[in-house]
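Dear colleague,

I am handing over the structure below for your consideration. My findings follow directly after it.

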Amino acid sequence: MKSLHRPDLYSWSNFNPARNIDFNGIAWIRPDGNILIDPVALSNHDWNHLKSLGGVVWIVLTNSEHIRASKEIADQTYAKIAGPLAEKDTFPIHCDRWLSDGEEFVPGLEVIELHGSKTPGELALLLEETTLITGDLVRARKAGSLTILPDDKLLNREEAVASVQRLAQLSRVEAVLVGDGWPVFRDGRDRLQDLVATL
């Protein structure tokens, strides 16, 4: 796994040729148990690295389109899975906890519910006010800038735009770690505001 902008954050990726971008998994390493977010499949090297960092106790899924390798990882590690409350009735795998807007999943990790994306109630996660982790709605096709899903993938464009505007109002965001594409490690709020200006 690759070290990110904080010593407690790691990422690993699978390249998607159809979209020409990486799909990313995030690992937050913490004394009270490590958390994976939208995990893609782990290579043997990444498995060994994760084990050396203490394994995993929770997997958080931002939406049903980002289940990826979570069930296989949970089966091997006995990690619990958390998913978006808005998809509770239709979510394709078992979740041990359902998350909704304003919750603090664990100390320092705030849940933000987005609307209008490709699935109801997609989650974004705000880590200690400065690192925003997104699932599908906000993504990055090229380094240094953010974009959103194409209109034909959105359930409601107006609601999606309002959700992005809400994210852009988070005053302390420095980094934006996207599920799909390139992460932004600096000036994250500025890049979110740039994105809003294009919508």
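I begin with phenylalanine 91, whose relative accessible area is 10%; because buried means under 20%, this residue counts as buried. Please bear in mind throughout that this is a predicted model.

**Aromatic pairs**

The structure holds 2 aromatic pairs. In one of them, tryptophan 58 and phenylalanine 105 meet edge-to-face, with 5.2 Å from centre to centre and 85 degrees between the planes. Tryptophan 58 belongs to strand 5 (residues 58-60) and phenylalanine 105 to strand 8, so this pair ties together parts that are 47 residues apart in sequence. Tryptophan 58 and phenylalanine 105 are both buried.

Phenylalanine 91 has tryptophan 98 as its partner: the ring centres are 5.7 Å apart and the planes stand at 85 degrees, so this pair is edge-to-face as well.

A ring is also involved in a contact with a charge. The charged end of arginine 30 sits over the ring of tryptophan 28, at 5.2 Å from the centre of that ring.

**Strands 5, 6 and 7**

Strand 5, which contains tryptophan 58, pairs with strand 6 in the parallel sense over 3 bridges. Within this pairing, isoleucine 59 has isoleucine 81 of strand 6 as its bridge partner. Between the two strands the chain passes through helix 2 (residues 70-77), and the resulting β-α-β crossover is right-handed.

Strand 6 (residues 80-84) has 4 of its 5 residues buried, so it is largely enclosed by the rest of the structure. Strand 6 is also joined to strand 7 (residues 97-99) by 3 bridges, and these two strands run parallel. Here proline 84 stands opposite leucine 99 of strand 7.

**The open sheet**

Strand 8, which carries phenylalanine 105, leads to another part of the model. An open sheet is formed by 5 strands in the order 8-9-10-11-14, with mixed pairing. Its edge strands are strand 8 (104-106) and strand 14 (175-178), each of which pairs on one side only. On average, neighbouring strands of this sheet are turned by 25 degrees against each other, direction ignored.

Strand 8 pairs with strand 9 (residues 109-113) in the antiparallel sense, over 2 bridges. Valine 106 has leucine 109 in strand 9 as its bridge partner. As general background, strands of a sheet pair through backbone hydrogen bonds, in either a parallel or an antiparallel manner.

Yours sincerely

Terms used. Residues numbered from 1 in each chain as written. Predicted model: local features only at pLDDT ≥ 70, side-chain atom pairs only at ≥ 80, totals over all residues. Heavy atoms only, no water. Pairing = 2+ DSSP bridges. Axes fitted to C-alpha atoms, helices over the stretch in contact; angles between N-to-C directions. Phe/Tyr/Trp six-rings, centres within 6.5 Å; stacked < 30°, edge-to-face > 60°. Buried < 20%, exposed > 50% of the residue type's maximum accessible area, 1.4 Å probe, protein only. Lys NZ or Arg CZ within 6 Å of the ring centre and 35° of its normal. Right-handed = clockwise from strand over helix to strand, strands pointing away.
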